[in-house]
Amino acid sequence: ENPKLIDPISRTINSTRCMQYFPHMSQDTVKELWAKFQEFDVDRNECLDFAEVIKALMSMGLQFTAQQAEEAMLEADINKSRTLDFYEYLVVSDKLFSKKGHSELFHTGAALENRRVMAKTCVLQ
């Protein structure tokens with residue numbers, strides 16, 4: 001089971017847990033990613049299905065095939081629910097920023113650009 005990073009009642013971020021699992025991400029970055037996650041979570045079930053993941057990836061300006069997107073989602077779907085919860089969404093974001101992971105999607109040019117933005121955010125923190 002993935003760690004719960006969002007309080008189910010207040011729908012707020014548990015900053016302590018986020019820092020435990022993603023110490024290199026600033027609180028502002030996590031808040032921005034939570035806002036984006038909520039934007040893509042059209043059905044408000046706190047999980048992104050494949051269609052919602054595709055929209056999220058497209059919003060990042062990534063060029064990818066359906067197979068690459070499915071491969072990346074399978075790699076990030078730790079609990080094998082066929083959806084991404086917020087923890088898994090942060091894992092995907094981390095893989096895109098760091099260009100780590102097995103999926104070809106995590107090694108794109110857009111990932112390199114996002115990594116530069118992330119690095120600037122961490123330095124400013």
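Asp 41 sits in the loop that links helix 2 (27-40) to helix 3 (50-59). The model is predicted. The protein chain has six helices and zero strands, and 41% of its 125 residues count as buried. This briefing covers two aspartates in loops and the packing of helix 3.

**Asp 41**

- Asp 41 is buried but has no salt bridge. Its nearest side chain of opposite charge is that of Arg 11, 4.8 Å away; a salt bridge would need a side-chain nitrogen of Lys or Arg within 4 Å of a carboxyl oxygen.
- The side chain of Asp 41 reaches two backbone nitrogens: that of Asn 45 at 3.3 Å and that of Glu 46 at 2.7 Å.
- Apart from neighbours within four places in sequence, Asp 41 is in contact with Glu 46, Cys 47, Leu 48 and Glu 52. Of these partners, Glu 52 belongs to helix 3 and is buried.

**Helix 3 and its ends**

- At the N-terminal end, Asp 49 acts as the cap of helix 3, with a side-chain oxygen 3.1 Å from the backbone nitrogen of Ala 51.
- The buried residues in helix 3 include Val 53, Ile 54, Ala 56 and Leu 57.
- Just after helix 3, Gly 61 has a positive phi of about 80 degrees.

**Helix 3 against helix 4**

- Helix 3 and helix 4 (residues 66-76) pack with their axes 11 Å apart, at an angle of about 110 degrees. Angles from 65 to 115 degrees count as roughly perpendicular, and the two helices are therefore roughly perpendicular to each other.
- From helix 3, Phe 50, Val 53, Ile 54 and Leu 57 meet Ala 66, Ala 69, Glu 70 and Met 73 of helix 4.
- In an α-helix, with 3.6 residues a turn, residues three or four places apart point the same way.
- Among the helix 3 residues in this packing, Val 53, Ile 54 and Leu 57 are buried.

**Asp 85**

- Asp 85 is placed in the loop between helix 4 and helix 5 (86-98).
- Asp 85 is buried and has no salt bridge; Lys 4, the nearest side chain of opposite charge, is 5.2 Å away.
- The side chain of Asp 85 makes a polar contact of 2.8 Å with the side chain of Asn 2, and reaches the backbone nitrogen of Tyr 87 at 3.2 Å.
- Beyond four places in sequence, the contacts of Asp 85 are Asn 2, Phe 37, Glu 46, Cys 47 and Asn 79. Glu 46 and Cys 47 are also in contact with Asp 41.

**Whole chain**

- Of the contacts with a separation of 6 or more, 49% join residues 24 or more positions apart.

Terms used. Residues are numbered from 1 along each chain as its sequence is written. This is a predicted model: local features need pLDDT of at least 70, side-chain atom pairs count only at pLDDT 80 or more; totals for chains, interfaces and linings use all residues. Side-chain values use heavy atoms; hydrogens and water are left out. Helices (H or I, at least four residues) and strands (E, at least two) are DSSP runs, numbered from the N terminus. Buried means under 20% relative accessible area, exposed over 50%, partly exposed in between (1.4 Å probe, protein chains only). Lys and Arg count as positive and Asp and Glu as negative; His and the chain ends are not counted. A polar contact is a pair of N or O atoms within 3.5 Å; within protein, one must be able to donate a hydrogen and the other to accept it, and residues adjacent in sequence count only if both atoms are side-chain atoms. Contact means heavy atoms within 4.5 Å. Axes are lines fitted to C-alpha atoms, for helices over the stretch in contact, and angles run from 0 to 180 degrees between N-to-C directions. Angles under 35 degrees count as roughly parallel, over 145 as roughly antiparallel, 65 to 115 as roughly perpendicular and the rest as oblique.
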